[in-house]
Amino acid sequence: MFWPQLHMNILGEYPYTCEMDAISRASIDVCDSLDGIVDGVITDVESCLATFDPTELVGTLTHCPQINSEVKISFAAATVIKALWKGVVTAKGEQITNPFGPGADFTGVSHGSPGIAYTDCSRSDNWASQPDIPGQQLVSPLDAKDPSIDISRCESAPTALCDQFLRLWIAKDPSFDLSTLTLEKFVEMVVEGAREYGPLFATNDPDLSKFRDAGGKMITIHGAADSYIPIGNTVDYYESVMSLLPDTRKFYRYFEIPGFDHCYGGTGGQPTAIFGQLRAWVENGTVPESSPVSFADCKGVKWNRILCPFPQKSQYNKECGDATAAKCWSCTENQ
């Protein structure tokens with residue numbers, strides 16, 4: 001969760017949240033139609049990552065509510081988003097964590113609470129109200145050249161969860177300065193944290209045989225636009241269970257939700273039938289072969305879909321003729 005803050009510290013630049021939000025919105029605009037349906041939701045994440053490059057937006061103007069003006073999307077903002085979409089990688093290119101998906105709200109603005117890429121701009125919010133200077137264009141403070149102008153930009157603002165975990169649990173030093181972390185030291189702390197606290201907190205034991213034998217049933221959901229926990233974590237876990245227990249699908253189902261954020265939010269729909277389906281599975285033996293979900297796009301159009309148990313994908317039947325109707329969707333094996 002500190003990964004984006006680390007990148008900003010290394011770059012020495014802290015973009016406005018509006019810059020990163022603009023990149024996320026642009027990823028949805030570009031990738032929405034890759035699945036053949038324009039509904040405001042990214043469904044084909046892999047194709048999106050191969051198609052959309054955040055750096056192409058560098059220099060593009062976007063409205064920034066923080067200063068009630070326009071700013072240019074910076075290279076730093078594009079770099080931070082690309083880092084999130086790639087996951088934690090060592091200097092040698094070794095993948096340490098799973099990447100986040102495009103379209104996620106990493107700044108937390110839509111949630112109303114700071115996200116993992118949030119920056120504190122309280123000290124620079126008033127720069128736009130500085131006296132007009134002849135020839136100065138009102139854009140990002142990074143573009144201001146007059147030394148009399150306070151061009152202090154935003155500051156790093158890691159979430160309390162990652163800040164306290166790194167300082168108190170791993171460094172074991174309340175005064176530890178996270179801004180001094182190098183990539184190498186950060187990776188070392190990530191590995192050390194997993195080694196020391198994994199046995200205590202880890203939830204990735206794939207051996208659910210006792211749960212299965214006791215007649216247990218379980219359903220897991222994960223949004224593809226989760227801005228706190230990479231969806232790959234859940235995919236890895238479910239696949240590890242299936243590798244160990246060939247009959248996994250008889251007692252455990254996993255549903256991915258396109259466009260859905262962490263527990264709530266995002267452009268995708270909020271699943272509301274999951275608990276009822278779990279109860280029906282336990283009490284009546286009704287296997288959840290799909291789950292309904294509804295959402296409205298930016299134009300107010302309501303879309304009714306079905307979620308499919310991994311590794312199946314929801315497929316639109318063009319002959320049915322109505323992409324907003326759940327009856328026109330079915331679950332197919334992932335190709």
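Is W303 buried or exposed? In this predicted model, W303 has a relative accessibility of 8% and therefore counts as buried, given that the cut-off for burial is under 20%. F295 also counts as buried, at 9% relative accessibility. The ring centres of F295 and W303 lie 6.5 Å apart and the ring planes meet at 10°, so the two side chains form a stacked pair, the limit for stacking being under 30 degrees.

Across the whole structure, a search for aromatic pairs returns 17 of them. One of these joins F100 and F106 in an edge-to-face arrangement, with 5.6 Å from centre to centre and 80° between the planes. Both partners lie under the cut-off for burial, F100 having a relative accessible area of 10% and F106 a relative accessibility of 1%. Aromatic residues are also grouped in a cluster, which is made up of Y237, Y238, Y252, Y254 and F310.

The second largest pocket encloses about 1,300 Å³ of space. Its lining comprises 43 residues, of which T43, D44, V45, E256 and K313 are the closest to the pocket centre. Two or more lining residues come from each of the helices α3 (45–51) and α8 (231–244), and likewise from each of the strands β6 (252–257), β7 (291–296), β8 (302–307), β9 (313–316) and β10 (329–332). When the lining of this pocket is divided by residue class, 21 residues are nonpolar, 13 are polar and nine are charged.

How values were computed
Residues numbered from 1 in each chain as written. Predicted model: local features only at pLDDT ≥ 70, side-chain atom pairs only at ≥ 80, totals over all residues. Heavy atoms only, no water. 1 Å grid on protein atoms, 1.4 Å probe; cavity = no way out; pocket = protein on both sides within 12 Å on 5 of 7 lines; lining within 4 Å. Points joined across faces, edges and corners; volume = space filled by probe spheres on them. Helix = DSSP H or I, 4+ residues; strand = E, 2+ residues; numbered from the N terminus. Nonpolar A, V, L, I, M, F, W, Y, C, P; charged D, E, K, R; others polar. Phe/Tyr/Trp six-rings, centres within 6.5 Å; stacked < 30°, edge-to-face > 60°. Buried < 20%, exposed > 50% of the residue type's maximum accessible area, 1.4 Å probe, protein only.
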